[in-house]
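Dear colleague,

I am passing on the structure we spoke about, together with a summary of what came out of the analysis. Please look through it below before reading on.

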Amino acid sequence: MAEEKLLLAERAEGDPAVAVLTLNRPKALNALNAALLGELADTLEALDADDEVRCVVLTGSERAFAAGGDIKQMSDSTAAEMVKRESPNPWKRIAAARKPLVAAVSGFCLGGGLELAMTCDMIVASETARFGQPEISLGIIPGAGGTQRLTHAVGKARAMELVLTGRQISAAEAFDAGLLTRVVPEADYLSEAVALAGEVARQAPLAAQLGKDAVLKAHASLLEVGLDYERRNFLVLFSTEDKAEGMAAFKEKRKPEFKGR
Ligand code: CO8
């Protein structure tokens, strides 16, 4: 039997200037494993080299944009293995995409899933979308920009609460906090994201790319320092018993017992 593709890539119907990428691990709520992240990075680099494509939409399913990094893959991973697996770091490659990226989000957008959506340039969300950084309940912290991009987007007060409690917020709350570009009925989230991407695609392509580049520079130097710092703390936590307990508890579908070591 042919293996299912982790990432589907197509052109938007009627608009070949818009590429639509779909995360495709429905049984795992699109949990982001190393293979999927690598494929996404490869595909974005190929699209950067394709002059016909001017804007990219990244989406998941109605139930989940992505429920986070793949806990089952991470649960047995040591810090050293995480470092090896991420060399070169796919998140850096994704963040380096030159063409504008629009995330079309429905359902769960948690942990690494929210980090991925925030690495995109705009987020169009369904009213049913749920956002959060639940890593703390696994004994770890966000490791792909969650502590940094979330803080830049919503400010320290709200970012701190979300990172330290793991609370999920609705699309309406996320929009009010400044995390989202648009919230639309569930039936329309993908078509609205494609329409927004189409609007970008009709602009002068180099101006769109350099406009993106310049907006990202607003926080670039702070972000770079913060991302490296976050990564170190994230990897340190991979050597704790609490990380092992948090991830084991998730797999065993029970509450973790953290001991602070
Ligand atoms: N990783 C692996 N598998 C997952 C994940 C995940 N993040 N999320 C869900 N799944 C799996 C479940 O284990 C389950 O599989 P199975 O059917 O084999 O038991 C299947 O998807 C369906 O999930 P549920 O049965 O749990 O569905 P529910 O509707 O009951 O619950 C939730 C949905 C609330 C989303 C729940 O699945 C959940 O809490 N998921 C985990 C959320 C989370 O903690 N995310 C953060 C993960 S850590 C992270 O993202 C750090 C990333 C750092 C960047 C580096 C990445 C390499």
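Which pocket does the space taken by the ligand correspond to? The ligand occupies the second largest pocket, and please keep in mind throughout that this is a predicted model.

As for the surroundings of the ligand, there are 27 residues around it, and those that come nearest are Arg63, Gly69, Ile71, Gly112 and Lys253. Sorted by class, the shell around the ligand consists of 14 nonpolar, eight charged and five polar residues. Helix H2 (71–75), strand S6 (108–110) and helix H5 (112–119) each contribute at least two residues to this shell, with H2 providing the largest share, namely three residues.

Three polar contacts may be of interest to you when you inspect the ligand. On the side-chain side, a polar atom of Arg63 is 2.8 Å from an oxygen atom of the ligand, and an N or O atom in the side chain of Lys253 likewise lies 2.8 Å from an oxygen atom of the ligand. Ile71, by contrast, takes part through its backbone, where an N or O atom lies 2.9 Å from a nitrogen atom of the ligand. Taken alone, the ligand exposes 1,100 Å², of which the protein buries 75%.

Turning to the chain as a whole, its secondary structure amounts to twelve helices and ten strands. The radius of gyration is 18 Å, close to the 18 Å that the globule rule gives for 261 residues, so the chain is as compact as a globular protein of that length. The C-alpha trace spans about 55 × 50 × 35 Å along its principal axes.

With best regards

Methods: Residues are numbered from 1 along each chain as its sequence is written. This is a predicted model: local features need pLDDT of at least 70, side-chain atom pairs count only at pLDDT 80 or more; totals for chains, interfaces and linings use all residues. Side-chain values use heavy atoms; hydrogens and water are left out. A residue is near a molecule or strand if one of its heavy atoms lies within 4 Å of it. A polar contact is a pair of N or O atoms within 3.5 Å; within protein, one must be able to donate a hydrogen and the other to accept it, and residues adjacent in sequence count only if both atoms are side-chain atoms. Accessible areas come from the Shrake-Rupley method with a 1.4 Å probe; for residues, only the protein chains shown count as cover. On a 1 Å grid over the protein atoms alone, a cavity is a set of points where a 1.4 Å probe fits but cannot get out, and a pocket is an open set with protein on both sides within 12 Å along at least five of seven lines; lining residues have an atom within 4 Å of a point. A molecule sits in a cavity or pocket if more than half of its atoms lie within 2 Å of its grid points. Helices (H or I, at least four residues) and strands (E, at least two) are DSSP runs, numbered from the N terminus. Ala, Val, Leu, Ile, Met, Phe, Trp, Tyr, Cys and Pro count as nonpolar, Asp, Glu, Lys and Arg as charged, and the others, Gly among them, as polar. The radius of gyration is taken over C-alpha atoms; the globule rule is 2.2 Å times the number of residues to the power 0.38.
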